[in-house]
Amino acid sequence: FAGSMTLGTAEGGSGGIIVRGATAILERSELTIETGDLVLGNGGTGTLALLEGGALRTAGDFIVGADGLLASFVVDGEQNNVTSGMAVAGHLRLGMGADVVQGAFDNGGTGAAGTATIGDGGPGLLIISNSGRFVAMSNEEETHFGILTVGNAATGEIVVESGGELQADSIHLGSGGTGVGTLTLRNAMAVASRLGVSVGDGGDSANLTLEGASTVRSASLFLVGASGGAAAVTLTGNSSDAPAQLIADELLGIGLAATEATVTLIRHATVNANEIIVGGLAPGLLAILEDSVVTAPTTTVRAEGLLIGDVTLPEKQSKGADSPNLVGDLIVEEGGSVRVRAGSTPAIRVSGNATLGGTLEVEFADEAGLAAGNTLRLLRVDGATTGEFAEVSFPTRSAEFDGDITVVDGELVLAVNNPGTPLGGEGEGEGEGEGEGE
């Protein structure tokens with residue numbers, strides 16, 4: 001087809017195309033737009049289905065949901081070992097003003113575009129499932145980069161599940177002032193192969209969620225809270241053998257210019273980065289919870305940064321194990337904070353060296369059962385420790401709390417003299433802890 005094609009141009013009108021079937025890769029049913037753009041839904045309803053090896057090839061943009069009530073496409077299935085596929089030389093724009101806009105790559109269906117925006121002024125949802133795959137990549141001449149934006153001045157969402165794959169030169173969640181960007185991986189993978197990942201890039205909010213044996217990887221910077229509203233990354237794996245993984249080949253920065261930035265390893269999760277910085281320019285939080293491990297040559301907690309460790313690790317308690325959950329060196333600068341939940345094993349164990357400063361906040365795994373004479377392990381450093389925490393607080397206990405903190409064989413240990421009473425909720429405890437010993 002020469003020129004642009006639009007399906008669903010008038011209010012109340014509708015248009016749809018089904019492309020189906022293939023006997024071989026060069027003998028497949030294909031819709032080809034040789035010049036111009038393909039538009040689904042521009043006042044009416046527009047739909048496109050590429051099924052059982054059917055294909056789309058367009059030299060221009062593919063616009064889904066310019067206006068109207070509904071616009072959607074699906075790329076699904078295969079025939080004679082030929083999977084359904086889509087190749088967009090220009091810009092895939094999913095959601096520009098229509099009420100309901102959705103795209104799907106399912107059952108091995110594949111798609112590629114020069115660049116892509118999901119939620120581009122209007123709501124948009126993209127689902128990649130059952131070994132489906134979508135790629136936004138630069139062309140051979142590199143006249144442009146494959147930039148994937150989710151939530152540009154609108155709500156955009158991508159769900160990748162059941163072996164689905166998402167790849168782009170760079171991935172940006174939540175931009176354009178009012179953008180809300182969400183990317184969810186469920187036993188799936190997302191890769192930014194050249195220019196990095198930004199979770200929170202000037203929009204209202206951004207969320208990246210990894211569930212099960214999922215992986216997100218950035219070949220460059222991985223920034224959480226680059227600018228805009230709250231930005232959150234959450235990882236929950238299946239087991240130690242099938243963790244949720246975040247991999248940053250360069251810096252993982254948490255808290256740059258957004259109102260709030262968090263990375264939370266809920267359980268069975270790993271983070272691997274070349275360097276980690278928490279806080280410094282804006283509030284940032286890194287939480288290492290159940291059976292999770294953070295690995296980086298250096299993890300630095302700067303002003304407004306907070307590192308959280310939790311002793312309630314089922315695997316540690318059941319096996320009596322005490323392996324590092326922060327692999328590398330730890331630096332806590334002035335204005336930075338470390339919060340630990342004290343118990344029978346250290347809430348944080350550092351495999352390398354530690355330079356301490358800032359504030360240590362101590363909570364307790366057994367708040368109700370805390371008693372005078374209890375000795376609790378807070379933090380362990382396998383290497384050398386320099387400096388000490390400038391302040392120690394007990395925000396969950398009453399003002400009567402009293403205890404002594406000492407360093408024994410590289411481990412911070414708290415001996416409880418007076419447990420006080422637990423506070424009903426989070427508050428500013430005024431209990432006292434004395435010294436860190438030698």
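Modeller: Two strands pair if DSSP finds at least two bridges between them. The strands (E, at least two residues) are themselves DSSP runs, numbered from the N terminus. Here, E22 pairs with strand E24 (residues 215–218) in the parallel sense, over four bridges.

Biologist: Before we go on, what kind of model is this?

Modeller: It is a predicted model, where local features need pLDDT of at least 70, side-chain atom pairs count only at pLDDT 80 or more, and totals for chains, interfaces and linings use all residues. Residues are numbered from 1 along each chain as its sequence is written, and side-chain values use heavy atoms, with hydrogens and water left out.

Biologist: Thanks! Which residue of E24 stands opposite Ala192?

Modeller: That is Ser218. Ala192 in E22 also stands opposite Ala168. As for the strands, E20 (residues 165–175) is joined to E22 (residues 189–201) by eight bridges, and the two run parallel.

Biologist: How many bridges join E22 to strand E25?

Modeller: Four, and again the strands run parallel, with E25 covering residues 222–227. To find the place in the model, look at Ser198, which stands opposite Leu223 in E25.

Biologist: Let's return to Ser218. Is Ser218 buried or exposed?

Modeller: Buried means under 20% relative accessible area, exposed over 50%, and partly exposed in between (1.4 Å probe, protein chains only). Ser218 counts as buried because its relative accessibility is 0%.

Biologist: And what is Ser218 in contact with?

Modeller: Contact means heavy atoms within 4.5 Å. Setting aside neighbours within four places in sequence, Ser218 is in contact with Ala192, Gly196, Val197, Ile247, Ala248 and Asp249. In addition, a polar atom of the Ser218 side chain lies 2.9 Å from the backbone oxygen of Leu221.

Biologist: Now for the loops. Where is Gly77?

Modeller: Gly77 sits in the loop between E10 and strand E11 (78–79). Gly77 counts as buried, because its relative accessibility is 13%.

Biologist: Which residues does Gly77 touch?

Modeller: Not counting residues up to four places away in sequence, Gly77 touches Glu52, Gly53, Val82, Thr83, Ser84, Asp106 and Asn107. You can also locate Gly77 relative to Arg20: the pair is 57 residues apart in sequence, with 9.7 Å from C-alpha to C-alpha.

Biologist: And Leu69, is that buried or exposed?

Modeller: Leu69 is exposed because its relative accessible area is 57%. Its place is in the loop between strand E9 (62–67) and strand E10 (70–76). So you can set the two loop residues side by side: Leu69 is exposed, whereas Gly77 is buried.

How values were computed:
A polar contact is a pair of N or O atoms within 3.5 Å; within protein, one must be able to donate a hydrogen and the other to accept it, and residues adjacent in sequence count only if both atoms are side-chain atoms.
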